[in-house]
Amino acid sequence: MSKFKKKKGGEIPAVNTAALPDIVFMLLFFFMVATVMRQNTLKIENNLPFADQVEKLDKKDLVMYIYAGKPSQNYKQFGSVARIQLNDDFASVKDIASFIAQERASKREELVPFLTTALKVDSDANMGLIGDIKQELRKVNALKINYTTKKGSVFTGQ
Amino acid sequence: MAKRAAPEVNAGSMADIAFLLLIFFLVTTTIEVDSGINRKLPPMEESEEDVIIKQKNIFTVLLNGKDQLLVEDELMELKDLRAAAKEFLDNGGDKSCDYCKGKKDPASSDNPDKAIISLKNERETSYKQYIAVQNELVAAYNDLRDARALSLYGKPFTEMEANYKDVNWPGNKDALKKKIDQIKIDYPQKLSEVQ
């Protein structure tokens with residue numbers, strides 16, 4: 001009767017997933033090394049423009065970030081005109097002076113002259129706002145600025 | 001009594017734990033963009049005496065509210081700006097600049113040291129266009145400096161600067177700094193913005 005028994009050994013063996021944790025850990029370590037923790041929660045759209053003559057900002061801790069752009073989808077009640085964001089909240093041009101003073105106070109005194117202001121501005125914002133920011137920065141003598149851009153051609157945007 | 005073998009720890013959920021951590025890091029971190037165009041703003045106190053600059057030494061770039069370019073009172077496309085700026089900077093009208101390769105047109109700039117690019121934009125100008133123009137003007141300077149550095153030291157200027165900033169670069173940084181400064185003297189970046 002054994003003639004009619006199902007033949008054994010023809011089945012495909014289960015895939016060995018013992019190495020799966022290793023692969024996932026590898027990915028995990030990659031992301032831990034290559035990325036940094038989000039500093040600010042952006043309430044604005046921040047689609048940076050492209051440029052190809054860029055220089056690297058070398059000292060991360062010596063950079064003050066000023067964001068600008070129009071309020072994102074969740075913050076539509078704040079209008080559709082580009083606004084400034086400092087730290088985690090919307091701010092007006094007047095607040096920049098105190099923001100810079102606060103950032104300077106938090107750094108060691110000898111490092112203050114090396115502070116750079118990085119302007120992370122949405123490409124659709126208009127220059128009026130940037131002009132106001134720059135004027136405000138000149139008033140508090142924060143003259144080193146950096147227009148943060150993505151690396152790519154200005155013509156094609158890639 | 002015979003020693004009992006310790007039971008094997010079940011590591012089946014290790015992948016789940018790792019996935020959990022991975023997703024946490026994917027959500028809370030960003031790959032930072034940390035490059036851009038460096039600029040220095042002019043200090044607030046205005047100098048008392050007006051410096052008289054000859055009109056021919058100023059290269060005016062106007063950017064209007066509709067993102068159109070007016071260069072030296074003529075409409076220009078963005079793609080032509082770099083070449084026009086280079087031609088102006090490298091003109092060498094007073095023949096004091098022996099490395100200039102320009103046309104030596106007496107109606108254009110005297111030498112790279114005197115040549116000033118003046119950029120004016122309006123409030124309605126888009127940031128994107130402004131950055132594009134800034135980029136092209138910086139590119140014009142970089143192109144000229146590259147050419148100068150190639151002829152002097154056999155290496156492009158941008159590469160020298162990158163080397164200078166690179167902590168792992170093995171060469172002599174003081175010598176490199178001197179070379180970089182020399183190029184910067186030959187082609188000083190004089191880009192002024194009108195408020």
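B:Val61 stands opposite B:Val71 in E4(B), and this pair is a handy way into the predicted model shown above. The strands involved are E3 (residues 58-63) and E4 (residues 69-71) of chain B, which run antiparallel and are joined by three bridges. Another facing pair across these strands is B:Leu62 with B:Leu70 in E4(B). The hairpin that E3(B) and E4(B) make has five residues between the strands, and there B:Asp67 takes a positive phi near 65 degrees.

**The sheet of chain B**

Let us step back to the sheet as a whole. It is an open sheet of five strands in chain B, ordered E5-E4-E3-E6-E7, with mixed pairing. At its edges sit strand E5 (74-76) and strand E7 (191-194) of chain B, each of which pairs on one side only. On average, neighbouring strands of this sheet are turned by 30 degrees against each other, direction ignored. Helix H3 (residues 127-153) of chain B packs on the sheet, where it touches E3, strand E6 (116-121) and E7 of chain B. The direction of this helix makes about 160 degrees with that of E3(B).

E3(B) also pairs with E6(B), in the parallel sense and over six bridges. In that pairing, B:Phe59 stands opposite B:Ile117 in E6(B). Which residues of E3(B) make up its covered face, and which its uncovered one? B:Phe59, B:Val61 and B:Leu63 form the covered face, while B:Ile58, B:Thr60 and B:Leu62 form the uncovered one.

**The nonpolar core**

The largest nonpolar core has 49 residues, and A:Ile66, A:Ala68 and B:Ala85 are those with the most contacts inside it. H3(B) gives the most to this core, with ten residues. Leaving aside residues up to four places away in sequence, B:Ala85 touches B:Phe59, B:Ile117, B:Leu137 and B:Ala140. Two of these are familiar from the sheet: B:Phe59 and B:Ile117 are the pair that face each other across E3(B) and E6(B).

**Where the chains meet**

Now to the interface, in which 49 residues of chain A are in contact with 42 residues of chain B. On the chain A side, the elements that each supply at least two residues are helix H1 (20-34), strand E1 (36-37), strand E3 (55-56), strand E7 (116-121), helix H3 (127-139), strand E8 (144-148) and strand E9 (150-151). The largest share of that side, nine residues, comes from H1(A). By residue type, the side of chain A that touches chain B divides into 27 nonpolar, nine polar and 13 charged residues.

Strand pairing also crosses between the chains. E8(A) and strand E2 (residues 35-40) of chain B run antiparallel and are joined by five bridges. Within this pairing, A:Asn146 stands opposite B:Asn38 in E2(B).

B:Phe25 offers a further view of the contact between chains. This residue is found in helix H1 (residues 14-28) of chain B and touches A:Leu28, A:Phe31 and A:Met32, not counting residues up to four places away in sequence. Is B:Phe25 buried or exposed? B:Phe25 counts as partly exposed, because it has 17 C-beta neighbours inside 10 Å. From B:Phe25 to B:Lys173, 148 residues apart along the chain, the C-alpha atoms are separated by 38 Å.

**Positive phi in loops**

Most residues other than glycine have a negative phi. Two loop residues that depart from this are set side by side here, each with its phi value.

| Residue | Loop | Phi |
|---|---|---|
| A:Asn141 | between H3 and E8 of chain A | near 60 degrees |
| B:Glu72 | between E4 and E5 of chain B | about 50 degrees |

How do their surroundings look? A:Asn141 is exposed, because 12 other C-beta atoms lie within 10 Å. B:Glu72 has 13 C-beta neighbours inside 10 Å and so counts as partly exposed.

**Confidence**

Finally, a word on how the predictor rates its own work. The complex receives an ipTM of 0.77 and a pTM of 0.80. Chain B averages a pLDDT of 85, and 95% of the residues score at least 70. Among the elements of chain B, the highest mean pLDDT (90) belongs to H3(B) and the lowest (80) to strand E1 (residues 29-30). H3(B) is thus also the helix that packs on the sheet and gives the most to the largest nonpolar core.

How values were computed
Residues are numbered from 1 along each chain as its sequence is written. Chains are lettered from A and ligands numbered from 1 in the order in which they are written. This is a predicted model: local features need pLDDT of at least 70, side-chain atom pairs count only at pLDDT 80 or more; totals for chains, interfaces and linings use all residues. Two residues are in contact if their C-beta atoms, placed from the backbone, lie within 7 Å. Helices (H or I, at least four residues) and strands (E, at least two) are DSSP runs, numbered from the N terminus. Ala, Val, Leu, Ile, Met, Phe, Trp, Tyr, Cys and Pro count as nonpolar, Asp, Glu, Lys and Arg as charged, and the others, Gly among them, as polar. Two strands pair if DSSP finds at least two bridges between them. Axes are lines fitted to C-alpha atoms, for helices over the stretch in contact, and angles run from 0 to 180 degrees between N-to-C directions. A residue is buried if 20 or more other C-beta atoms lie within 10 Å of its own, exposed if 12 or fewer, and partly exposed in between; C-beta atoms are placed from the backbone. A nonpolar core is a set of buried Ala, Val, Leu, Ile, Met, Phe, Trp, Tyr and Cys residues joined through C-beta atoms within 7 Å. pLDDT is the predictor's confidence in each residue, from 0 to 100.
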